[in-house]
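Welcome! Please take a moment to look over the sequence and turn the model around before reading on. The report below goes from one pair of side chains to the whole chain and back to single residues.

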Amino acid sequence: PLSTFSDNGNMNYILKVPLTNPVLAEPANDITLYYQKREASYVWLEWNPVKEATSYIVEVALDKDFNQKVMSAESPTPHYLVKENLPSGKLYWRVRAAGDFQRMSWWSDPREMNIYSGRAPAGQ
């Protein structure tokens, strides 16, 4: 035998479209940056804004797979000033967008940059 139907209820559904991947703008891919002082090697990272993003996560790593991160930060705007002293050598950077309801985009395509600052490369 079947039971009776349950009482009617209300259900609210809010469609939130997925966030698109950020598109990196500056610095250009495979750029080489030279710094004359060892202690200050600031780098501006910039990307195109993502619709409905409330913040962005920025990562810099020694490898393309981002297993050896040298920096990770959150930014409320589509740019970030890296004030950490990055090691000399080849580095990779990427960004992902975050939004309300715990929405996250996929990571952007990574970019390469070469840093020459008078500091020893990481791991030495």
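Which side chain meets that of arginine 103 in a salt bridge of 2.9 Å, N to O? The partner is aspartate 100. Please keep in mind that this is a predicted model.

## Salt bridges

Aspartate 100 is partly exposed, with a relative accessible area of 33%. Arginine 103, by contrast, counts as buried because its relative accessible area is 10%, under the 20% cut-off. Arginine 103 also meets the side chain of glutamate 52 in a salt bridge, with 3.0 Å from N to O. This pair ties together distant parts of the chain, 51 residues apart: arginine 103 sits in the loop between strand 7 and strand 8, and glutamate 52 in the loop between strand 3 (43–47) and strand 4 (55–61). Glutamate 52 is partly exposed, at 38% relative accessibility.

Another salt bridge brings together arginine 94 and glutamate 59, whose closest N and O atoms are 2.7 Å apart. Here, too, distant parts of the chain are linked, since arginine 94 belongs to strand 7 and glutamate 59 to strand 4, 35 residues apart. Both partners are buried: arginine 94 has a relative accessible area of 15%, and glutamate 59 has one of 6%. Asp30, Lys90 and Glu112 are joined into one network by salt bridges that share partners. The structure holds six salt bridges.

Here are the three pairs described above, side by side.

| Salt bridge | N to O distance |
|---|---|
| Arginine 103 and glutamate 52 | 3.0 Å |
| Arginine 103 and aspartate 100 | 2.9 Å |
| Arginine 94 and glutamate 59 | 2.7 Å |

## The chain as a whole

Now step back and look at the full model. How many helices and strands does the protein chain have? There are zero helices and eight strands. Read from the N terminus on, the elements run β-β-β-β-β-β-β-β. The radius of gyration is 21 Å, well over the 14 Å that the globule rule gives for 124 residues, so the chain is more spread out than a compact globule. Along its principal axes, the C-alpha trace spans about 80 × 30 × 20 Å.

Of the 124 residues, 37% count as buried. The chain exposes about 8600 Å², and carbon and sulfur atoms supply 51% of that area. Among contacts between residues at least 6 apart in sequence, 68% join residues at least 24 apart.

## Some buried residues

Methionine 113 is a good place to look inside. This residue lies in strand 8, and it counts as buried because its relative accessibility is 0%. Setting aside residues up to four places away in sequence, methionine 113 touches a list of residues that includes Pro27, Ile31, Leu33, Val43, Leu45, Val60 and Trp93. Its C-alpha atom is separated by 6.3 Å from that of tyrosine 92, although the two residues are 21 apart along the chain.

Is tryptophan 47 buried or exposed? At 2% relative accessibility, tryptophan 47 is buried. It lies in strand 3. The C-alpha atoms of tryptophan 47 and threonine 77 are separated by 9.3 Å, with their positions 30 residues apart along the chain counted as their separation.

Serine 105 takes us back to a loop, the one between strand 7 (89–98) and strand 8 (111–116). Why does serine 105 count as buried? The reason is its relative accessibility of 1%, and buried means under 20%. A polar atom of the serine 105 side chain lies 2.8 Å from the backbone nitrogen of alanine 97. Leaving aside neighbours within four places in sequence, serine 105 is in contact with Leu19, Thr20, Asn21, Pro22, Arg96 and Ala97.

## Out on the surface

For a contrast, find tyrosine 13 in the segment before strand 1 (24–26). At 65% relative accessibility, tyrosine 13 counts as exposed. Which residues make the nonpolar surface patch of about 540 Å²? Tyrosine 13 is one of them, together with Met11, Leu15 and Val17.

Key: Residues numbered from 1 in each chain as written. Predicted model: local features only at pLDDT ≥ 70, side-chain atom pairs only at ≥ 80, totals over all residues. Heavy atoms only, no water. Helix = DSSP H or I, 4+ residues; strand = E, 2+ residues; numbered from the N terminus. Buried < 20%, exposed > 50% of the residue type's maximum accessible area, 1.4 Å probe, protein only. Polar contact = N/O pair within 3.5 Å; in protein donor to acceptor, adjacent residues only side chain to side chain. Contact = heavy atoms within 4.5 Å. Patch = residues over 30% accessible without salt bridge, like charges linked within 9 Å, V, L, I, M, F, W, Y side chains within 5 Å. Areas by Shrake-Rupley, 256 points an atom, 1.4 Å probe, with all protein chains shown as cover. Salt bridge = Lys/Arg side-chain N within 4 Å of Asp/Glu carboxyl O. Rg over C-alpha atoms; globule rule 2.2 N^0.38 Å.
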